[in-house]
Amino acid sequence: MSEKKKKKGFDPRDLKPEEMLKFEIAEELGLGAKVMEGGWRSLTAKESGRIGGLITKRKKEMKKEAMEKGEL
C-alpha cells in the first residue's frame, strides 16, 4: 500500500471550497486540532451535528446575501 493510503492525516491546504467551510467552522468551535490529529472520524456525533447545522445556517445566510445583492 502506498504511503498516502496508509497515512490518513488531514491536510487543510488541499480542500475543496465546501470542505474549507467545514474546516473553518470546526476551528471556530475549537475542534480544528482534533480534526488535524484524527481526521473527521475522530469527532463525536454531537460535534459533527453541530458543524453540519452551522454549515447549513451559513449557506442560507450566504444565499440570502447573494439574492439581496442581485436585487439591488
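**Figure 1. Overall fold: four helices and zero strands in the protein chain.** The model is predicted. Along the sequence, the pattern reads α-α-α-α. The protein chain has 72 residues, of which 18% count as buried. Among contacts in the protein chain with a separation of 6 or more, 40% join residues 24 or more positions apart.

**Figure 2. The largest nonpolar core, nine residues in all.** Its members are Leu21, Phe23, Ile25, Ala26, Leu31, Val35, Leu43, Ile51 and Ile55. Two elements give two or more residues each: helix H2 (17–28) and helix H4 (45–71). H2 gives the most, with four residues.

**Figure 3. Contacts of leucine 43, a member of the largest nonpolar core.** Residues up to four places away in sequence are not counted here. Leucine 43 then touches Leu31, Lys34, Val35, Ser48 and Ile51. Of these partners, Leu31, Val35 and Ile51 also belong to the core. Lys34 has a second role: its side chain forms a salt bridge with glutamate 47.

**Figure 4. Helix H2, from its buried residues to the glycine that follows.** Leu21, Phe23, Ile25 and Ala26 are buried in H2. Residues three or four places apart on an α-helix point the same way, because the helix has 3.6 residues a turn. The length of H2 can be checked against its residue count. H2 has 12 residues, and at 1.5 Å a residue these should span 16 Å. The end C-alpha atoms of H2 are 17 Å apart, which agrees. Glycine 30 follows H2 and has a positive phi, near 80 degrees.

**Figure 5. Salt bridge between lysine 59 and glutamate 18.** The whole structure holds three salt bridges. In this one, the side chains meet at 3.4 Å, N to O. Lysine 59 lies in helix H4 and glutamate 18 in helix H2, so the pair ties together parts that are 41 residues apart in sequence. Lysine 59 is partly exposed, with a relative accessible area of 37%. Glutamate 18 is exposed, at 54%.

**Figure 6. Salt bridge between glutamate 28 and arginine 58.** The N to O distance is 2.9 Å. Glutamate 28 belongs to helix H2 and arginine 58 to helix H4, so this pair ties together parts 30 residues apart in sequence. Arginine 58 is partly exposed, with a relative accessible area of 24%. Glutamate 28 is exposed, with a relative accessible area of 54%.

**Figure 7. Salt bridge between lysine 34 and glutamate 47.** The closest N and O atoms are 3.0 Å apart. This pair links distant parts of the chain, 13 residues apart. Lysine 34 sits in helix H3 (residues 32–38), and glutamate 47 in helix H4. Lysine 34 is partly exposed, with a relative accessible area of 33%. Lysine 34 also touches leucine 43.

**Figure 8. Lysine 22 over the face of tryptophan 40.** Lysine 22 lies 4.3 Å from the ring centre. How many aromatic pairs are there? The count comes to zero, with ring centres required to lie within 6.5 Å of each other.

Definitions and conventions. Residues numbered from 1 in each chain as written. Predicted model: local features only at pLDDT ≥ 70, side-chain atom pairs only at ≥ 80, totals over all residues. Heavy atoms only, no water. Core = buried A, V, L, I, M, F, W, Y, C linked by side-chain atoms within 4.5 Å. Buried < 20%, exposed > 50% of the residue type's maximum accessible area, 1.4 Å probe, protein only. Contact = heavy atoms within 4.5 Å. Salt bridge = Lys/Arg side-chain N within 4 Å of Asp/Glu carboxyl O. Expected span 1.5 Å × (residues − 1). Phe/Tyr/Trp six-rings, centres within 6.5 Å; stacked < 30°, edge-to-face > 60°. Lys NZ or Arg CZ within 6 Å of the ring centre and 35° of its normal.
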